[in-house]
Amino acid sequence: MVLAGDKAFLVDTGRGFLNNFADTGLRDVNAVLYTHYHSDHFGEFGEFMVTRTIWGASEPMKVIGPVGAEQTIGNLLRAYDLDNGYRTAHHVDNWHPNGMKAEIVEAEPGVVYDQDGFRIIMFQVDHPPVVPAVGYRFEYHGQSVVISGDTKKTEAMVENARDADILVHEVANRQFTELAQGNLDARLFAMSEEMLAYHTLTYEVAEIARDAHVKKLVLTHFVPWIHDDPVVKAVYVRGMRRIFRGKFIVGRDGMEIKA
Ligand SMILES: [Zn+2]
Ligand SMILES: [Zn+2]
């Protein structure tokens, strides 16, 4: 989530996000942006919509994403039509059915939001066969935050993250994957290799941050999944600091980072 001024934007709504969102004390956001339509990035959208409507939302949620938003988010929301009807019948005036609606915008790369000094730029990344897959650059009063989405190493990231105050980047670790592979059958072994093929390896993330001159690098979306343990994380990122000398944060759910 990106917060600036009086605005809040969600980038993706994957599994586990809703509890973290509730912990922030916020009750709603100005828009939800999607990077792509793998389920680990949109799974909890429906429950988020129910929750915001319980909290009192009465206007449709603005949803911005690349092509596919209507099919994925629109259809997901249609699964809640009966639920929305039941709650409307039961709570009458205390339930605003429009809170469960979305105003979906399928956008092309470029400026997708430009309001009150806040600019959001969508850019294409490289996560084949997921096309389109995008990242976002947020700009507000001279400050910038870039969110990679899911991608393998791409020059587009260096260009779009140039001089950013914060780059939040996904990351994959080959050694950790190889450790896990010892316990896998042939099919899962092959799938774990396929995972590495469309994500960015630790040293590649460090190269991107270095080449883009970002001020602060934040790692997220760890492949393979790792325990939230400082020792595990220190081993996971080994070698990265030799490449990228700027500020470096190994992300954790619920963490607040200031530009
Ligand atoms: Zn993902
Ligand atoms: Zn993905």
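## Val92 and its loop

Val92 sits in the loop between helix H5 (81-91) and strand S5 (102-106). Its phi is positive, about 50 degrees, although Val92 is not a glycine. Most residues other than glycine have a negative phi. Val92 is exposed, with 8 other C-beta atoms within 10 Å. This is a predicted model.

## Other backbone features

His213 also belongs to a loop, the one between helix H9 (202-212) and S11. Phi of His213 is positive too, near 55 degrees, in a residue other than glycine. With 12 C-beta neighbours inside 10 Å, His213 counts as exposed. Gly56, just after H3, takes a positive phi of about 120 degrees.

Most peptide bonds are trans. Here, a cis peptide bond joins Pro128 and Pro129, with omega about 10 degrees. Pro129 is in the loop between strand S7 (118-124) and S8. Another cis peptide bond joins Val223 and Pro224, with omega about -5 degrees. Pro224 lies in the loop between S11 and helix H10 (230-236).

## Two domains

The domain assignment of the chain gives domain 1 (1-108) and domain 2 (142-259). Their contact takes 8 residues from domain 1 and 6 residues from domain 2. The C-alpha centres of domain 1 and domain 2 lie 27 Å apart.

Gly142 is in the loop between strand S8 (134-140) and S9. With 8 C-beta neighbours inside 10 Å, Gly142 counts as exposed. Ile73 is 69 residues away from Gly142 along the chain, and their C-alpha atoms are separated by 32 Å.

## Helix H3

Which residues of helix H3 (residues 45-54) are buried? They are Phe45, Phe48, Met49, Arg52 and Thr53. Seen down the axis of H3, these buried residues fall within an arc of 130 degrees, so they line one face of the helix. The general pattern is simple: an α-helix has 3.6 residues a turn, so residues three or four places apart point the same way.

What covers the buried residues of H3? The cover includes two helices that come earlier in the numbering, H1 (17-23) and H2 (39-42). Strand S4 (61-65) and helix H4 (69-78) are also part of the cover.

## Strand S10 and its partners

Strand S10 (residues 166-172) has 7 of its 7 residues buried, so the strand is largely enclosed by the rest of the structure. In a regular strand the side chains alternate between the two faces of the sheet. Both faces of S10 are covered. Ile166, Val168, Glu170 and Ala172 are buried on one side. Leu167, His169 and Val171 are buried on the other.

S10 runs parallel to strand S9 (residues 143-147), and 3 bridges join the two. Val145 stands opposite Ile166 in S10. S9, helix H6 (residues 155-160) and S10 make a right-handed β-α-β unit. S10 also runs parallel to strand S11 (residues 216-223), joined by 7 bridges. There, Ala172 stands opposite Val223 in S11.

## The nonpolar core

In soluble globular proteins, nonpolar side chains tend to be buried together. The largest nonpolar core here has 57 residues. Which of them touch the most other members? They are Leu33, Tyr136, Ala161, Ala164, Leu167 and Ala209. This core draws at least three residues from each of domain 1 (1-108) and domain 2 (142-259).

Leu33 touches Phe9, Leu10, Val11, Ile64, Gly65 and Tyr136, not counting residues up to four places away in sequence. Leu167 has appeared already, as one of the buried residues of S10.

Notes
Residues are numbered from 1 along each chain as its sequence is written. Chains are lettered from A and ligands numbered from 1 in the order in which they are written. This is a predicted model: local features need pLDDT of at least 70, side-chain atom pairs count only at pLDDT 80 or more; totals for chains, interfaces and linings use all residues. A residue is buried if 20 or more other C-beta atoms lie within 10 Å of its own, exposed if 12 or fewer, and partly exposed in between; C-beta atoms are placed from the backbone. Helices (H or I, at least four residues) and strands (E, at least two) are DSSP runs, numbered from the N terminus. The arc is that of the directions from the helix axis to the C-beta atoms. Two residues are in contact if their C-beta atoms, placed from the backbone, lie within 7 Å. Two strands pair if DSSP finds at least two bridges between them. A crossover is right-handed if, with the strands pointing away from the viewer, the path from the first strand over the helix to the second runs clockwise. A nonpolar core is a set of buried Ala, Val, Leu, Ile, Met, Phe, Trp, Tyr and Cys residues joined through C-beta atoms within 7 Å. Domain bounds come from an automatic or database domain assignment.
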